[in-house]
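I opened this notebook page to record what I looked up in one protein model. The entries follow the order in which I consulted it.

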Amino acid sequence: AKAIVASLRQHAQQKEELGMYWPNNSTRAFMFQSATAIHTFIMEAFEKTGASEQEMNAMKLWLLKQKQIQKWESTPATVNAVSVLLQTGSNWLGNDGQTAISLGKINVNPVSKEAGTGYIKQSYESQSISPDMGHVSLSKSSEGPAWGALYWQYFDDLDRITKSKIGLNVEKLLFKEEISFSGKILVPITVENPLKTGDKVVVRLTVRSDRDMEYVFLKDMRAACFEPVDQISGIRWKEQTVYYQSSKDASTHFYFYNLPKGTYVFEYPVYVTRAGEYSNGITTIQSMYAPEFVSNTEGIKVLVENK
């Protein structure tokens with residue numbers, strides 16, 4: 001047993017944010033082949049062979065971070081996960097989870113917090129927000145992990161929005177489809193090669209995720225001069241993943257039930273219907289389980305000439 005655990009320890013990865021885990025442990029079709037169930041079985045093996053409290057806490061952290069962006073796949077997996085969280089490592093529920101948060105000169109002192117998890121939520125109206133509140137500091141004295149998110153909502157022109165990039169991010173490129181002697185080719189849109197009415201444009205979205213995620217929503221805004229070729233919504237299979245694609249009046253939506261770690265390239269064609277200068281908007285990707293995982297592309301303009 002100790003030799004098996006020693007081998008598992010050699011193949012494990014440890015990161016400050018994700019804890020201790022095994023990258024090849026991914027969810028499969030059957031109940032006890034879920035990533036959560038396998039991870040809890042490994043934790044039980046470590047505990048029975050005398051693993052340190054530090055190792056157990058690192059594996060517990062991965063379980064919690066997995067729950068942040070995914071669901072525990074089955075009732076047995078959930079029961080096993082709750083069992084190892086409560087019975088191994090340090091007692092994270094034994095402390096009050098005090099976390100000090102300050103926004104500039106303002107200390108965040110919520111009226112109430114959720115029992116057990118210590119979850120708090122604080123909102124500020126626009127008239128009470130000052131520039132110095134952009135300097136955020138956090139400190140935590142008690143044991144155990146803690147995480148949160150800061151949201152800033154404001155209004156601005158789409159063309160002025162800058163790119164944001166985190167572990168879950170998306171990039172957008174536009175290409176003009178042309179016919180050559182070798183067949184269809186994608187040509188970058190430049191000043192020397194502008195768009196004209198009647199052109200066929202291919203929208204390419206490159207999605208990157210640094211961890212397995214579930215329930216991810218991708219929204220790609222469209223310029224008013226673009227008309228999508230595929231008008232029918234439905235389930236698609238591409239890049240080794242299943243998603244639901246829906247064409248709206250001003251955007252195209254992609255819904256991912258399961259988005260494993262990796263890089264994905266999605267494309268869809270549109271036709272240029274009218275001339276002029278248009279805002280092509282931005283593309284946003286966000287986890288529905290953990291809304292703090294959100295990023296967007298920069299805003300761009302589209303110039304179309306008459307054919």
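The entries below cover a helix pair, a surface patch, a loop and one contact along the chain.

**Entry 1. Status of the model.** I note at the outset that this is a predicted model.

**Entry 2. Helix pair.** I looked up how helix H1 and helix H2 are placed against each other. Two packed helices are described by the angle between their axes and the distance between the axes. Helix H1 covers residues 2-11 and helix H2 covers residues 35-48. I recorded an angle of about 125° for their packing, and their axes lie 10 Å apart. H1 is therefore oblique to H2, because an angle that is neither under 35 degrees, nor over 145, nor from 65 to 115 counts as oblique. I also noted the hand of the crossing: H1 passes H2 in a left-handed one.

**Entry 3. Nonpolar patch.** Which residues make the nonpolar surface patch? I listed Ile235, Trp237, Val242, Tyr244 and Tyr255, and the area of the patch is about 550 Å². Strand S12 (234-238) and strand S13 (241-247) are the elements that give two or more residues to this patch. I then followed Tyr255, which is found in strand S14, residues 251-259. Its relative accessible area is 37%. Tyr255 is therefore partly exposed, because that class lies between the limits of 20% and 50%.

**Entry 4. Loop between S12 and S13.** I turned next to the loop that joins the two strands named above. Glu239 is found in this loop between S12 and S13, and Gln240 has its place there too. I checked the backbone of each residue. Glu239 has a positive phi of about 55° although it is not a glycine. For Gln240, also a residue other than glycine, phi is positive and near 65°. Are these residues buried or exposed? Glu239 has 33% relative accessibility and so counts as partly exposed. Gln240 has 68% and so counts as exposed, because the exposed class begins over 50%.

**Entry 5. Asn306 and Gly198.** I located Asn306 in the segment after strand S19 (301-305). At 61% relative accessibility, Asn306 counts as exposed. How far apart are the C-alpha atoms of Asn306 and Gly198? I recorded a separation of 8.9 Å, while the two residues are 108 residues apart along the chain.

**Entry 6. Recap.** I close with two points for reference. The helix pair H1 and H2 is oblique, and its crossing is left-handed. In the loop between S12 and S13, Glu239 is partly exposed, whereas Gln240 is exposed.

Terms used. Residues numbered from 1 in each chain as written. Predicted model: local features only at pLDDT ≥ 70, side-chain atom pairs only at ≥ 80, totals over all residues. Heavy atoms only, no water. Patch = residues over 30% accessible without salt bridge, like charges linked within 9 Å, V, L, I, M, F, W, Y side chains within 5 Å. Areas by Shrake-Rupley, 256 points an atom, 1.4 Å probe, with all protein chains shown as cover. Salt bridge = Lys/Arg side-chain N within 4 Å of Asp/Glu carboxyl O. Helix = DSSP H or I, 4+ residues; strand = E, 2+ residues; numbered from the N terminus. Buried < 20%, exposed > 50% of the residue type's maximum accessible area, 1.4 Å probe, protein only. Axes fitted to C-alpha atoms, helices over the stretch in contact; angles between N-to-C directions. Left-handed = near helix turned anticlockwise from the far one by under 90°.
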